[in-house]
Amino acid sequence: MIEYGSANNSLWQQVRFLIWNPANLPALIAVVVLVAATLFAEHITESSEAQQERSALQNKATVMAAKLQAHMSPSIELARGLSAMISTEPDIDQEHFSDLARNLFHQHSHLINIAGVPGMVVKMVYPEQENRKVLGLDLRKHETQRELALKTRDENTPTLAGPVALIQGGEAFIVRYPIYYDDKVVGRQFWGLLSLVIDIAEIYDHTGLDEQSNVSFALLGRDGKGENGALFYGSGAVLASQPVEAVVDFGFASWVLKAIPKGGWQAGTHRTKLIRLVAALAFLLIVIPFLFVGWLYRDRLVHLRERIIRDHALTDANKRLQLALDASGIAVWEMDPKTGIAKWDRRFLKQFGLDPEGKDHSDLQALLTWLPIVDRDATLDAIREALKSKGRFRSDYRVAMQDGVQKHFRTVGSFLKDENGGRRLVGLNWDITTDVEREKELCLARTESDERNQELEEAKARLEALAKHDFLTRLPNRRYLDEKLTGSEYEPSLMSETLQMLKIDLDGFKDINDSFGHAAGDIMLRRTADLLRSAIKEGEFAARIGGDEFVLLCDSAKEPSRPETLAKQLLSEIDRPIDYRGRTCRLGMSIGISSGKDAFLDADKMLSNSDLALYQVKQKGKGGFEVFSQPLYQRVRQERELAEDLLRAIETREFIAHFQGQYCAKTHNLVGVEALVRWNHPRRGMLQPCEFLGLAESLGLTSTIDALVLDQTIEAKAFWEKRGLTVPRVSVNVSARRLGDADLISKLKKIDFDWRSLTFELLESTFLDHSDTQVAANIRQIRNMGIEIEIDDFGTAYASIVSLTHLLPHRLKIDRELIQPVINSTDQRELVHSIIQIGRTLGIGTVAEGVETMVHADILEAMGVDVLQGYAFCRPVTAERFLRHNKERQLGKIGQSGRR
């Protein structure tokens, strides 16, 4: 066994001998001199580069300070200009303040809000919805903001506060300007403050302060106090690391920007590498030769020691080899090719059952000749070939033993050159009978295993084919389609920029299932599959991926119009009727087309794009095809975003009612009000109904919106009556979906309200000539409850006189498109007059919409219109503004009566 401890000790002794050797003394002296010279040169270099590094960082700090000043200054100037405008209108209210702030607010993306603080109390803010929490804040009582607010007032100077924790959440900078105005009686008066709240994150983001990869910044000067202010950005470690600095000056306030390199100051690192490279070259030219001479001397001693060690190791190896050979039963032999004399050990003769002490068997070839070797000729030929070629010898052979048993042996040999240059064939011989028998058993088992594996592979292939195909149509299924698009271990992906996908959806399939049964539906699916198979060319692919959904794959590289051609062919052939048990069945088809190029070679994206194109076909009325494009994607994405916002708006009650008055055509007295829905979108502002009602209808949300508006209208009517404004009648719009709700009447009866003062406005196109049983039943019960009915936008659809006689609404609202031209158009006046006469004949009142001027009002009164509604009398406004507007109208009428 190897004595590892002794070997390690010997290695350590060699290492110490190599290092602590007198021959290395000249080299050690040279190393000391080189190290001293290198350190001195590095010191001189670092001092020079440190100054250059600080100068470069100073430039970066100055640029960053200029960016901060440039992004803050527009907001400061905005505050100065807006405060000057307010000083000229000291009686400004929230609405006017919002109008002024809205135009300025969206020009500066850094702003969170703009607040008016008359008398040091926040009474106006824009945007109002998101910042209601700040209304009513008295800066004189606010612990953290009182000092700067009073300073702004008392010193008549603007101030910069921040970062400040906001009541509505988050942190921001606040710029405050004092506002004074000139009163003709009292003189110069303090109005209050104007506050601009600036988004800290936006300032940092737009200046790139957070994105500096190699510089660490810190800002001093909380509340604009410059060097005297506290640290509000960055780490205190920057201040303790000899930073460079730059001043951010706003005139009435300032910050101090300090900076250090990330990772610390690194002066001298580049030239240090050059100095060390020169030192390394000097080391190679001076020290290495000294070491080389010393190594030559030591090598002689080392080689002598190694020879002694090898001799001991060889003796140990011979002992271990004999033990291994005895344990394994392997025999060793050798032969001189020239003389033919052979030598072998005792184990060689024992393997063949020979007496080791018997006759001399020194001739190996003769021994093999008389031994009962079964494969004698092959074995002898192998020996002769090895002797001839001086190459490696190997042979497996069988021997018939004396007891009649056959044994298998293996012998291997190779030529060995001795010290005198002679060559000997040396080899090993061992019994491999057990190995041969085991190999035979393994071969038999392997053959059986291969046969079973072949059967399993065939069964797997059959199952795989069934798993990848639709049982009903025998078309490939969704799994097979995915493999075609993404590739598998058996075949490459078809995905390329010219690959085209046709997503097919059958129109009318559900009706066939419902009307004729599922057996008819199955026949139509198989017929569609046959149609797809006959339409595609070699190399194209058709699959059924769902109930009545199919996919075709084709390539447009050689034929760019192939997808459109294929779509037109399918649309023309699918329309042919099929006879099913004496009844005619018809199917339609809608197709969405997308390409691998538009999907950026992504299979899921390609399916999504074809779905979008298919959705567009469905929206247009089915029975056609649409090719995906980026404008289509953008439009659908915007619709989906708006749909998500619409669902959220229902939950957050963003839909609000605005109210427009209705006035008697003769007396101009208020006789009613119409509730009009508006969407107070958090990002897009106030949206008109034309911008969202169509989408709401497709999502089935119009009934919910109608209910919200009705609730707000009932609350508004109670609000007006408590404040002395009598509104005889309120009108709300009712959608077709809500009118057909079977639970509509029960929901209405749960509301505590005098229904005789309520009017439902129904669109002319909603139900006239197309009313169903539920709609008719709801209308009868609405009438029984005392709710009046008006036909909205009359004259824009296709209602018949017969429909009017059946419904007999209380009023017809003549659409604004018919009202607008009556001033200048005789024909239009005749048309409007005819509608009024129809109403009078049937006992139906008339309301004129879109009355923009008093000229309109006079003409319509002369024609006999009952009620006027339009901008000439009142715009759609909130309940509070509607109250104020009509109170002022009443006061104006009283004043006119007094003057008369």
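Colleague: Which side chains meet Asp138 and Arg140 in this model, and what is the N to O distance?

Modeller: Asp138 and Arg140 meet each other, in a salt bridge at 3.1 Å, N to O. The general idea first: side chains of opposite charge can pair when their charged atoms come close. The cut-off here is a side-chain nitrogen of Lys or Arg within 4 Å of a carboxyl oxygen of Asp or Glu. Before we go on, this is a predicted model, where local features need pLDDT of at least 70 and side-chain atom pairs count only at pLDDT 80 or more, while totals for chains, interfaces and linings use all residues. Residues are numbered from 1 along each chain as its sequence is written, and side-chain values use heavy atoms, with hydrogens and water left out.

Colleague: Is Asp138 buried or exposed?

Modeller: Buried, because its relative accessible area is 14%; the class means under 20%, with exposed over 50% and partly exposed in between (1.4 Å probe, protein chains only). Arg140 is partly exposed at 38%.

Colleague: How many salt bridges are there in the whole structure?

Modeller: A full search finds 39. One of them joins Arg102 to Asp99, with the closest N and O atoms 3.0 Å apart. Both residues lie in helix H3 (residues 94-105), three residues apart, or about one turn of the helix. Helices here are DSSP runs of H or I with at least four residues, strands are E runs of at least two, and numbering goes from the N terminus. Arg102 is partly exposed at 37%, and Asp99 is partly exposed too, at 34%.

Colleague: Which residues are joined into one network by salt bridges that share partners?

Modeller: After the Arg394 to Asp396 bridge, at 3.7 Å between the closest N and O atoms, look at Asp645, Arg648, Glu654 and Arg683: shared partners join them into one network.

Colleague: And the rings: what describes an aromatic pair?

Modeller: The distance of the centres and the angle of the planes. Rings of Phe, Tyr and Trp (its six-membered ring) pair if their centres lie within 6.5 Å; planes under 30 degrees apart are stacked, over 60 edge-to-face, and the rest tilted. There are 15 aromatic pairs in the structure. Take Phe173 and Phe232: their centres are 5.9 Å apart and their planes at 85°, so the pair is edge-to-face. It links distant parts of the chain, with Phe173 in strand E4 (residues 171-183) and Phe232 in strand E7 (residues 231-233), 59 residues apart. Phe173 is buried at 0% relative accessibility, and Phe232 is buried at 12%.
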